[in-house]
Amino acid sequence: MNPISNQFLSIQQIQNEYQSQTAKSNRIRKEEGVSFSDILAVKTVELDENGDLRFSKHAASRLQNRNIDLTEGQLKRLAEGTSKAGEKGIKESLVLVDDLAFIVNIKNNTVITAMNQGETDNHIFTNIDGAVIM
């Protein structure tokens, strides 16, 4: 059952599915990487002395739905890539870290969305004016 699909599910079915997915995700996250709850608890990654890298609700949801767990090293490289994009005057940047792709609003230091690179349609990214490969 997928509560996002066009199927009409009862509240009980949605609750059961959510609890099942949450338990499975928690078990997987304990085994590897930084958990989604850790990202939400921290909410920011130090970008520089003047600003913080934040994850929008949409990006946080994408990380959870796609079971993407970022390591501390990946978070650091994402922050460094965001900083480099800002230095070059980029406003909306694609930041590639390992096999992960992030769209970042540089002005607000906010990750807008996140995905595995293989998930994109023909590897096309729109509404960006620069890219950083870390």
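The protein chain has 4 helices and 6 strands. Helices (H or I, at least four residues) and strands (E, at least two) are DSSP runs, numbered from the N terminus. The model is predicted: local features need pLDDT of at least 70, side-chain atom pairs count only at pLDDT 80 or more, and totals for chains, interfaces and linings use all residues. Residues are numbered from 1 along each chain as its sequence is written, and side-chain values use heavy atoms, with hydrogens and water left out.

**Exercise 1. Describe the chain as a whole.**

Step 1. Read along the sequence. The pattern is α-α-β-β-α-α-β-β-β-β.

Step 2. Look at burial. Buried means under 20% relative accessible area, exposed over 50%, and partly exposed in between (1.4 Å probe, protein chains only). Of the 134 residues in the protein chain, 37% are buried.

Step 3. Look at contacts. Contact means heavy atoms within 4.5 Å. Among contacts with a separation of 6 or more, 56% join residues 24 or more positions apart.

**Exercise 2. Find the buried and exposed faces of α3 and α4.**

Step 1. Start with α3. A59, A60 and L63 are buried there. Seen down the axis of α3, its buried residues fall within an arc of 100 degrees, so they line one face of the helix. The arc is that of the directions from the helix axis to the C-beta atoms.

Step 2. Turn α3 over. The face away from its buried side carries the exposed residues K57 and N65.

Step 3. Move to α4. It has 16 residues and reaches 23 Å from its first C-alpha to its last, close to the 22 Å expected at 1.5 Å a residue. The expected span is 1.5 Å times one less than the number of residues.

Step 4. List the buried residues of α4: Q74, L75, L78, A79, G81, T82 and A85. They fall within an arc of 160 degrees, so they line one face of the helix. The face turned away carries the exposed residues E72, K76 and E87.

Step 5. Recall the helix rule. An α-helix has 3.6 residues a turn, so residues three or four places apart point the same way.

**Exercise 3. Where is T82, and what does its side chain meet?**

Step 1. T82 sits in helix α4 (residues 72–87).

Step 2. T82 counts as buried because its relative accessibility is 1%.

Step 3. A polar atom of the T82 side chain lies 2.9 Å from the backbone oxygen of L78.

**Exercise 4. Map the largest nonpolar core.**

Step 1. Define it. A nonpolar core is a set of buried Ala, Val, Leu, Ile, Met, Phe, Trp, Tyr and Cys residues joined through side-chain atoms within 4.5 Å.

Step 2. Find the best-connected members. Of the 20 residues in the largest core, F55, L70, L78, F102, V104 and V111 touch the most other members.

Step 3. Trace their sources. β2 (52–55), α3 (57–65), α4, β3, β4 and β5 each give two or more residues to this core. The largest share, 4 residues, comes from α4.

Step 4. Check for another core. A second, separate core of 5 residues includes L96, A101, I103 and M115.

**Exercise 5. Compare the surroundings of D98 and N127.**

Step 1. Recall the rule. Most residues other than glycine have a negative phi.

Step 2. Take D98. Its phi is near 55 degrees, a positive value. D98 lies in the loop between β3 (92–97) and β4 (100–105). D98 counts as partly exposed, because its relative accessibility is 43%.

Step 3. Take N127. Its phi is near 60 degrees, also a positive value. N127 lies in the loop between β5 (110–116) and β6 (130–133). N127 is exposed, with a relative accessible area of 68%.

Methods: A polar contact is a pair of N or O atoms within 3.5 Å; within protein, one must be able to donate a hydrogen and the other to accept it, and residues adjacent in sequence count only if both atoms are side-chain atoms.
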